[in-house]
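Good morning. I will go through one structure today, sheet by sheet, and then turn to the helices and a pair of rings. Please have a look at it first.

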Amino acid sequence: MMEDLNRRGSGLLEKVIRIANSRVRFEKKLQNILKTTAAELGFESGFLFLLNMEQDTLVLQFAGDEIEDWPFRKSYKLGEDLLGTAGLERKVVQGPPVSEKSSAVKDTRSILALPVSDDTFLYGVMTFLHTNEYYLTPETTELLHVIGVEVGGALQNFRVSMEAKRRVMELNALFEVSKAISAATAPGPMVRSLVTICAHLVSARWAAFTVLDKHQQVIAQATFGSKPQSPLPPLCVSLDLRKGCSGDLCVMDKVAWQAGETRPFDAEDESLLKTVSSFISSALDKSIMFTEMETLAHRNEVMVKTLSSLYDISSAMMTTVDFEEILDIVLNAIIHSEALGFSRAIILLLDTEEKRLKLHQCRVRTNASDEASSAEGFPPCGEGEITIPYAVESGPPATCLITPEPRNVKDPKKVSSPPAPLADMLSQPYVAVPLRAKGKRIGTVLADHFPTGRRVTEDELQNLCMLTRQAGLALENSRLYAFIENVNRELKDARERLIETEKMAALGEIAGGIAHEIRNPLVSIGGFARRLARQMDAGTDSKNYADLIVNEVSRLENTLKDVLDFSYDSTGSFQYFDLNSTIVEALLHLRLDMEERRIVAVKDFGDLPRAFGDRRQIRHVFFNLCLNAVQAMEPGSVLHIRTLTTSEQGKDFITCVVQDTGGGIPAEILHNIFNPFFTTKAQGSGLGLAIVHKIVTRHQGDIIVENLPGKGASFIVKLPCYFIPTGPSS
């Protein structure tokens, strides 16, 4: 039997040695040793408790089958109960654990415990469960001691291997730190690389790296892993940075070599992180300095580019005096990516008479490579005419011009909003800058980064202010130039009107004299021709000749009447009268002609003030205009007549529009229609529109033709609106 036991012991030891030197995972080695030993020696199952040196505690770590098969406590202090005694005294013992004897749940199985150690160090305790009291011989005890020493050696080899691997990993990590420091020049990429390397350096599941400037603003920040809910405190080291900067590197949840075990960081981990942090601090100082220099160089480059763009824009504004062209240049400069770089620009112009700001133009960047030109919700430039009161209550668009100071509205919800729909357009951060020149208020420029909603920087605001100052001067020069142009145009018109008046006056005098000379013999010819026609028999050639003379004399008499009307220049009959009723009287004289041609007159009369002038002459004006319209239209057409009051350049006018559908006036003769004796009619004298033009001019009014070839023509008569005295008027 002794030989059999020796043989079995020799075979078990050989198996244990083979398993310990196998190439399987270390956890699997221990599990196989426990399972093989239990099977060879007739135990139910085997378990391995490892020593936690910091707490002098044996903790259950491995089992031949399942750790849950262990029926008792999972940890024991050295010297406590059976397992603690085996570890403390380093001897093989068996029996029930002392503390389990009084347990409510009785377990009749016994425990055999043997130390796992070498000559100097205790690694743990191996335990085996068995049903009956196991008979320990000196040979079996010696065999178990040898197995414990073999397992201890395997544990020692594993720990040495793990320590070597750790040192290699630390060296690799330090090498990676040096590579990351030398490869990255900006703090951001450097911190993102280092946080992962430092986590691996101390086997941490989570790490955080933060660098702050002297204002406690984040320069760079990065994390590794997900922050765990661990009872163990984190390990943090501070960076030694210059220029008031600061930084912290924190790690947490260190992974031990046993699978799934978390342990606290030791002094060696702290020393390693501090060593690394000294290298990192020096590298970050250089990186921050380099970044500051790069930022400064970039700002200088941007400033030079911006000033160059502003100079080009200012030069472009000086090449034109057209008000709208200058505004176009300003709007394009604001939204152009190479100039100020905004995404949307809005110009509100001040109407001093109405004391309102009116949206004049709005422009959005539409380049596909730039920010989008539209977004969901309110249209980027609104719809229809948009105006707001010129008052403080209208918010920054008005107050910036009233003050006058620019406004950088970073949160529109916290300031007084302008009335809708402008408030809907300005729902994102924007700037409002006054548009002024030489103390005169012109309007407001609004700009933002629509639709991204990015806030406007102070540099962008300053650049916009420089542009608006130049634009204000250019716009004021444009207004002065426009005023001078308008004065010159009025002088030119007055000169041409004076020349035309003198020419017409001379022509009228000549025409009047000729008419009087012709009238007397023409009356005699007409009278004798009518008398002869009455005495002749109908149907004879003589009768036909006499009738022809009578008709031609009548046509000449009508022509003489037009000539006399044209030469008539009296203003003695001027008085206040109702223009609408005067037009109705003119239409009554055309009633038969209109009924014969089935022409319908549609009247759209407004509520007009009294006109001042010669009522008979004005009636003749509209008689001629309506007669020409009736003769120009096809039977069954419609004649539109509309009256209203209008304003132009600060002056009020009583306006009447006579619109026909007769196909319009040929473009090649349009410039001659008001010239005397010019006509395209077979029976016309060519004085109708000349008389109309002269009467309207005599009344300080104006007549305009809006011609639509193929559709019709509209004659617009404007008479000045004067103060109406109280009392009766005809």
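Which residue in S16 is the bridge partner of Asn408? It is Val431. Before I go on, please keep in mind that this is a predicted model.

That bridge belongs to the contact between S15 and strand S16, residues 430-437. The two strands run antiparallel, and three bridges join them. They are part of an open sheet of six strands with antiparallel pairing. Reading across, the order is S14, S13, S12, S17, S16, S15. At the edges are S14, residues 387-389, and S15, residues 407-409, and each of these pairs on one side only. On average, neighbouring strands here are turned by 25 degrees against each other, if direction is ignored.

A helix lies across this sheet as well. Helix H7, residues 323-335, crosses S12, S13 and S17. Its direction is at about 55 degrees to S13.

Now the other sheet on my list. This one is open too, with five strands in the order S19, S21, S22, S24, S23, and its pairing is mixed. S19 (600-604) and S23 (702-708) stand at the edges with a single partner strand each, so one side of each has no neighbour in the sheet. From one strand to the next, the twist averages 20 degrees. S23 and S24 (residues 712-720) run antiparallel and are joined by seven bridges. As an example, Asp702 stands opposite Lys718 in S24.

Two helices lie across strands of this sheet. H12 lies across S19, S21 and S22, at about 155 degrees to S21. H14 lies across S21, S22, S23 and S24, at about 170 degrees to S24.

How do these two helices meet? Two packed helices are described by the angle between their axes and the distance between the axes. For H12 (residues 579-589) and H14 (residues 615-632), the angle is about 55 degrees and the axes are 8 Å apart. The two are therefore oblique to each other, and their crossing is right-handed. Residues in the contact include Leu579 and Ile583 from H12, and Phe622 and Phe623 from H14. By class, the contact has eight nonpolar, three polar and three charged residues.

Last, the rings. The structure holds nine aromatic pairs. One of them is Phe49 with Trp70: the ring centres are 5.3 Å apart and the planes are at 70 degrees, so the pair is edge-to-face. Phe49 lies in strand S1 and Trp70 in the loop between S2 and S3, so the pair ties together parts that are 21 residues apart in sequence.

Key:
Residues are numbered from 1 along each chain as its sequence is written. This is a predicted model: local features need pLDDT of at least 70, side-chain atom pairs count only at pLDDT 80 or more; totals for chains, interfaces and linings use all residues. Side-chain values use heavy atoms; hydrogens and water are left out. Axes are lines fitted to C-alpha atoms, for helices over the stretch in contact, and angles run from 0 to 180 degrees between N-to-C directions. Helices (H or I, at least four residues) and strands (E, at least two) are DSSP runs, numbered from the N terminus. Angles under 35 degrees count as roughly parallel, over 145 as roughly antiparallel, 65 to 115 as roughly perpendicular and the rest as oblique. A crossing is left-handed if the near helix is turned anticlockwise from the far one by less than a right angle, and right-handed if clockwise. Contact means heavy atoms within 4.5 Å. Ala, Val, Leu, Ile, Met, Phe, Trp, Tyr, Cys and Pro count as nonpolar, Asp, Glu, Lys and Arg as charged, and the others, Gly among them, as polar. Two strands pair if DSSP finds at least two bridges between them. Rings of Phe, Tyr and Trp (its six-membered ring) pair if their centres lie within 6.5 Å; planes under 30 degrees apart count as stacked, over 60 as edge-to-face and the rest as tilted.
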